[in-house]
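Reader: I have some questions about how the labels in this model were assigned. Could we go through them one at a time?

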Amino acid sequence: MIFLETERLLFRTHEAKDEADFVGMHTDAAVRRYVGGQPWPLEKAVDRFRNEYLGRPTETYGLWAAILNEEGRYIGCCGLRAAEGKAAHLGYYFARPYWRRGFASEACKAFIDAAFTRLGLTRLLADVEEGNVASEHILGKFGFKGVGREEIPVSGRVLLFYELSRSEWRDGVGCQQKA
């Protein structure tokens with residue numbers, strides 16, 4: 001199932017042919033650095049793909065496979081996770097070879113637009129591990145505001161929490177930004 005499409009990306013349900021690229025992405029220490037700190041072991045990545053991603057999502061919420069249109073290749077995933085009220089959490093991962101090429105911004109813009117126009121949500125939430133400057137920059141350019149932080153003593157991680165309201169987005173804080 002195709003959920004949405006941008007100029008360079010297609011967001012669809014994960015398919016069996018995505019497995020190797022998915023596994024490669026999640027076993028890469030650089031990709032996992034800001035989402036738990038450790039790359040997944042090969043067995044965990046394969047198991048997670050087959051049992052939690054393959055054939056999913058099938059409706060609105062979940063992480064959709066991000067496919068590079070020109071190559072038809074899996075380069076990451078992006079999507080929304082339902083939250084209380086008319087809200088959702090924005091999340092994304094991209095394989096390292098596709099960093100710094102604007103794909104994360106393009107994907108975020110598409111999902112922000114879909115959240116507020118297509119789904120009628122009133123706010124979007126996001127969290128970023130402190131130090132993930134690229135993701136902090138992306139959220140800032142689309143108008144997300146910092147609303148809190150949490151230190152996780154066991155891991156030493158610090159999460160920064162962000163929010164964007166539909167009214168702020170509609171009033172031009174985020175909707176005029178380009179990918």
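Author: Gladly, and let us start with Pro57, which sits in the loop between H3 and E3. Please keep in mind that this is a predicted model.

Reader: What makes the peptide bond from Arg56 to Pro57 cis or trans?

Author: Its omega is near -15°, and the bond is cis. Most peptide bonds are trans. Arg56 is found in the loop between helix H3 (42-53) and strand E3 (62-68).

Reader: Why does Arg56 count as buried, exposed or partly exposed?

Author: Buried means under 20% relative accessible area and exposed means over 50%. Arg56 has 41%, so it is partly exposed. As for its place in space, the C-alpha atoms of Arg56 and Tyr93 are separated by 16 Å, with their positions 37 residues apart along the chain.

Reader: And Leu54, what is its class by accessibility?

Author: Leu54 is found in the loop between H3 and E3. Its relative accessibility is 34%, which falls between the 20% and 50% limits, so Leu54 counts as partly exposed. Leu54 and Glu19 are 35 residues apart in sequence, yet 8.2 Å apart in space, C-alpha to C-alpha.

Reader: How do you know whether His14 and Ala66 are buried or exposed?

Author: Set each value against the 20% limit. His14 has a relative accessible area of 2%, so it is buried. Ala66 has 0%, so it is buried. His14 lies in the loop between E2 and helix H1 (19-26), whereas Ala66 is found in strand E3. His14 and Thr27 are 13 residues apart in sequence and 18 Å apart in space, C-alpha to C-alpha. For Ala66 and Phe103, 37 residues apart along the chain, the C-alpha separation is 9.2 Å.

Reader: What is notable about the phi of Arg100?

Author: Phi of Arg100 is near 60°, a positive value in a residue other than glycine. Most residues other than glycine have a negative phi. Arg100 lies in the loop between strand E5 (87-94) and H4. With 79% relative accessibility, over the 50% limit, Arg100 counts as exposed. A positive phi is also found just after H4, where Gly120 takes about 65°.

Reader: How do you know how the span of H4 compares with the expected one?

Author: Helix H4 (residues 103-118) has 16 residues and reaches 21 Å from its first C-alpha to its last. At 1.5 Å a residue, 22 Å is expected, and the span is close to that.

Reader: What makes H4 mostly covered?

Author: The count of buried residues does: 12 of its 16 are buried. Among them are Phe103, Cys108, Phe111, Ile112 and Phe116.

Reader: Why is the pair of Phe3 and Phe111 called stacked, edge-to-face or tilted?

Author: By the rule used here, ring centres must lie within 6.5 Å, and planes under 30 degrees apart count as stacked. The count comes to 10 aromatic pairs. For Phe3 and Phe111 the centres are 5.8 Å apart with 15° between the planes, so the pair is stacked. Phe3 lies in strand E1 (residues 2-5) and Phe111 in helix H4, so the pair ties together parts that are 108 residues apart in sequence. Both Phe3 and Phe111 are buried.

Reader: And what is the pair of Phe11 and Phe111 called?

Author: The angle is 85°, over the 60 degrees required, and the centres are 5.0 Å apart, so that pair is edge-to-face. The pair links distant parts of the chain, with Phe11 in strand E2 (residues 9-12) and Phe111 in helix H4, 100 residues apart. Phe11 is buried, as is Phe111. Elsewhere, ring pairs link Phe22, Trp40, Phe49, Tyr53 and Tyr74 into a cluster.

Reader: How do you know where Arg118 lies relative to Phe3?

Author: Arg118 is 4.2 Å from the ring centre, which is within the 6 Å limit, and lies over the face of Phe3.

Reader: Finally, what makes up the lining of the largest pocket?

Author: Its residues divide into 24 nonpolar, 10 polar and 10 charged. The pocket has a volume of about 1200 Å³ and is lined by 44 residues, of which Val35, Tyr92, Tyr93, Asn132 and Ser135 lie nearest its centre. Helix H5 (residues 133-141) gives the most to that lining, with seven residues.

Key:
Residues are numbered from 1 along each chain as its sequence is written. This is a predicted model: local features need pLDDT of at least 70, side-chain atom pairs count only at pLDDT 80 or more; totals for chains, interfaces and linings use all residues. Side-chain values use heavy atoms; hydrogens and water are left out. On a 1 Å grid over the protein atoms alone, a cavity is a set of points where a 1.4 Å probe fits but cannot get out, and a pocket is an open set with protein on both sides within 12 Å along at least five of seven lines; lining residues have an atom within 4 Å of a point. Grid points are joined across faces, edges and corners, and a volume is the space filled by probe spheres set on the points. Helices (H or I, at least four residues) and strands (E, at least two) are DSSP runs, numbered from the N terminus. Ala, Val, Leu, Ile, Met, Phe, Trp, Tyr, Cys and Pro count as nonpolar, Asp, Glu, Lys and Arg as charged, and the others, Gly among them, as polar. The expected span of a helix is 1.5 Å times one less than its number of residues. Buried means under 20% relative accessible area, exposed over 50%, partly exposed in between (1.4 Å probe, protein chains only). Rings of Phe, Tyr and Trp (its six-membered ring) pair if their centres lie within 6.5 Å; planes under 30 degrees apart count as stacked, over 60 as edge-to-face and the rest as tilted. A charge sits over a ring if NZ of Lys or CZ of Arg is within 6 Å of the ring centre and within 35 degrees of the ring normal.
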